[in-house]
Each structure stands twice: as C-alpha cells, then as structure tokens.
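Q: I would like a close look at one helix and the parts around it. Please keep the answer to what the model supports.
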Amino acid sequence: MKLAQRTLAIKPAILQAVTTKANRLKALGHDVIGLGVGEPDFDTPRHIKDAAIAAINGGFTKYTAVDGTPSLKQAVINKFRRDNQLEYTPRQIIVSCGGKHSFFNIVQATIDPGDEVIIPAPYWASFPDIVALAGGIPVIVQADIAQAFKISPAQLEQAITPQTRMLILNSPSNPTGAIYSRDELAGLAQVLLRHPRVLIVSDDMYEHILFGDQAFVNILNVCPDLYGQTVIMNAVSKTYAMTGWRIGFAAGPEEIVAAMVNVQSQSTSNPTSIAQVAAEAALNGDQACIQPMVRAFRERHDFAVPWLNSIGGVRCLPAGGAFYAFADVREAIRRLHENRLLEKSDDVAFSDYILETAKVSVVPGSAFGTDGYMRISFATSMENLQEALRRIRLAVECAVVKAS
Ligand code: PLP
C-alpha cells in the first residue's frame, strides 16, 4: 500500500528503539533500571484528581469549545499573569491535547513547504519531525558543551535566511537542562527584532523545575517588543505530574491562534473535557504542590552531576532546571572503542553497551541532534539513581582499567 510522502519525513525514533530494547531485556528477567523516561515519577496531586472525578460524576463529559472551556482559558490567562507577568485575552489562548499538540498546531498554522525553522541542538526530539511533517525545513544550529548548550546571537544571525519563518527556544531545555539568562535572551532578542517575520516559539514546559535561585524568564520578559512575534507554549504535563492527562496550551497573536483553532477543529476538536477540569484545578489551585517535586529533582540532580563527573571519560555540566543530565561521553566512547568493547565509535553503540552490561537504559545524545552524549532522566527514585550510576561507572571504567 502506498504511504503518503510526509510519513517518510519522520525519522524512526531512537528513543523508541531504546525503550523497546530495554523492555526486551526486562521481559527476559533482567533487572533493568530505566533512566530514559521524560516524565515525572510522582503521582498527580490529590486535589487535581478529585476535580476530575467530580467532573465525571457531575456529567461534564460532552464536547466543549474547540479551544478549551472559557474557565480553563481564564485560568491560563491568570497563570500567564501570575507566573510570567504577561497579559493575554481569551482570543489569544488555545488549549490543546498536550504540549506536543500545541507545537503541532503552531507549526501547521504557520509553516508552508520550504519554510525554514531554526532549531538549536541539542533539541527535544519532536521539534524537527513535526516541522518536517508540515513540509518545513529544520535548520539545526549546534550548541555543544563548549558553549553550555546555548546558541549565540551570532549563530542565530548566521542561520537566518529569507526563508526563515520560525525559531524555537526551549529553556530550561530538554535534554540539557540549560537555561538562557536575561542577558543571553536579550542578545538573541536584538537579532530577532531585526527580523520581524521570524516567529519565536518559546517552549516553557519546564519553567517551574529550576535548581538555582534565579526566577524564570522567557524572551518576552526580557524584550516585550517581541510580543507580536512570539507564541508561548506550555502544559500542565511536567509541572503537575500530569503527562497522561494531555493538556497543553499556547498564547500568541490572535490571527495565529485563530488558525491553530481551525487546525485543531479538524483533528482532535476539544481536549478531553475531564482533563480540562483537572488542568483548571492545577492552574488555579495551591501551587505549593509543585515544590516537593522540584526539591526531589534538585536533590537527584545534585547527587548525579558530581557522580557523573567522577566517572573516567565522562563530563557533565550542572543543569539549571528540568529533570535531565546531559553528559559528554565522547572520551568514554573513545576508550571503550579502543578496547574493542564498542563495535562502533558512537553514542548509540555506547548506550547499547550501557544497557547490555550495566542494565541501565539511557538515551544517546544523537536522539536530540548532538552525537557523543547521553541523557539520563532524574524521574526515578534516589535508590534507583544511585544503583544505576554505580553500574554505569563499573561498565565505563572497566575500559579505563583495561586501557592502563
Ligand atoms: N516540549 C518539551 C521540551 C518536552 O520535553 C515535552 C515532553 O517531553 C513536550 C514539549 C511535550 O509535552 P506533552 O507531554 O505535554 O505533550
């Protein structure tokens, strides 16, 4: 059967392959520790679940407005005012089925075949594929560990062509945890002000999961003049441990949001009515429920980063937020390859080796567009993390011992 051309634009997901291999080993009875997952290991807070249960029992189980219930949209508006000091009207807000769906809608509403989208790497793996599905051309700008995983204004300027239609910014970042400072955002903003046709998509999914003392800022906080050129996307998924509920939202210029609503009206229609009530409870409820989760992620981060740096051939920068460590394993790969423990000298072979020998699943950096790294997620208990890192050290350092 013939398949549509657009399906060929999507790369087979490396992440999926890692999960499949890990599950196969588990099924064979191996004690595999998963450090691959990108979702909080906490349960959704009680008051959020209770709101959803009340919605079901109260019969709130029918279609809603495509772009979200008026009361949830108001909760989103209040959230932007409270957390981000940004003002929006209801016509500038759309609620969708998760942050991924929000991004999908933004791209479908604004990208034509041949339009270029600048994606700083390492990137969240879905960005390029969703762009390619719309016929857009992902333009990858590399920012490795030497530049703390952040692109410079000069790199941005250089990447912009007459075909550029969009820039994606994701801070704190999945996979690196890197955060753009005020000054760094101001530098990028100066370039973007000179290119008003470039739409900025600010993915603020991890805004609350911060490890330092600095408050979260996005590019609009630093440069309000970009308001008409920016769409902010966010979701309840990571902040409130609600990945399965599938509620994301976006805010931006009215005409872009209206086009996104049209796209959504011919695909999913409204997000699930019950999940919308839960998201409203999350956004309007006591925000204190976020803090214990952030504290746990910070503790795990503070444990994992020094540990990773103590492994021969591994280097890891402290993350500013999110719940990942993105370690440079190029030297470890070189040593393992030299000792014939890796057939190929790349990070996919490395993560396979870690899975086979240490029984720990990690995600290779190339899944995020940057070869030579591994991402580990802190979305697991401290005990699991300690045991996993102990095993990774043994697997990697056995090569070092052999080498000496
Ligand atoms: N953006 C980033 C940077 C993410 O890491 C993720 C999820 O991993 C998403 C968007 C999508 O989140 P959701 O689960 O709400 O679709």
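Which residues in H5 are buried?

A: This is a predicted model, in which local features need pLDDT of at least 70, side-chain atom pairs count only at pLDDT 80 or more, and totals for chains, interfaces and linings use all residues. Residues are numbered from 1 along each chain as its sequence is written, and side-chain values use heavy atoms, with hydrogens and water left out.

The buried residues of H5 are Gly-99, His-101, Ser-102, Phe-103, Asn-105, Ile-106, Val-107 and Thr-110. Buried means under 20% relative accessible area, exposed means over 50%, and partly exposed lies in between (1.4 Å probe, protein chains only). Helices (H or I, at least four residues) and strands (E, at least two) are DSSP runs numbered from the N terminus. H5 covers residues 99-110, and its end C-alpha atoms are 17 Å apart, which agrees with the 16 Å that 12 residues should span at 1.5 Å a residue. That expected span is 1.5 Å times one less than the number of residues.

One partner of H5 is H6 (residues 126-133): the two pack at an angle of about 35 degrees with their axes 9 Å apart. Axes here are lines fitted to C-alpha atoms, for helices over the stretch in contact, and angles run from 0 to 180 degrees between N-to-C directions. The crossing of H5 and H6 is right-handed, that is, the near helix is turned clockwise from the far one by less than a right angle, anticlockwise being left-handed. Lys-100, Phe-103, Phe-104 and Val-107 of H5 meet Ser-126, Phe-127, Ile-130, Val-131 and Leu-133 of H6; contact means heavy atoms within 4.5 Å. The loop between E3 (116-121) and H6 holds Pro-122, and the peptide bond joining Ala-121 to Pro-122 is cis, with omega near 5 degrees.

H10 also packs against H5: its buried residues lie against H5, E2 (93-96), E6 (199-203), E7 (230-235) and E8 (248-251). H10 consists of residues 254-265, and its end C-alpha atoms are 16 Å apart, in agreement with the 16 Å expected for 12 residues at 1.5 Å each. Its buried residues are Ile-256, Val-257, Met-260, Val-261 and Gln-264. Seen down the axis of H10, they fall within an arc of 140 degrees, so they line one face of the helix; the arc is that of the directions from the helix axis to the C-beta atoms. Glu-255 and Asn-262, on the other side of H10, are exposed.

A further neighbour is Arg-246, in the loop between E7 and E8. Leaving aside neighbours within four places in sequence, Arg-246 is in contact with Ser-96, Cys-97, Gly-98, Lys-100 and Ser-237. Lys-100 is thus shared, as one of the H5 residues that touch H6. Arg-246 is partly exposed, at 35% relative accessibility. Its side chain also makes a polar contact, reaching the backbone oxygen of Thr-243 at 3.0 Å. A polar contact is a pair of N or O atoms within 3.5 Å; within protein, one must be able to donate a hydrogen and the other to accept it, and residues adjacent in sequence count only if both atoms are side-chain atoms.
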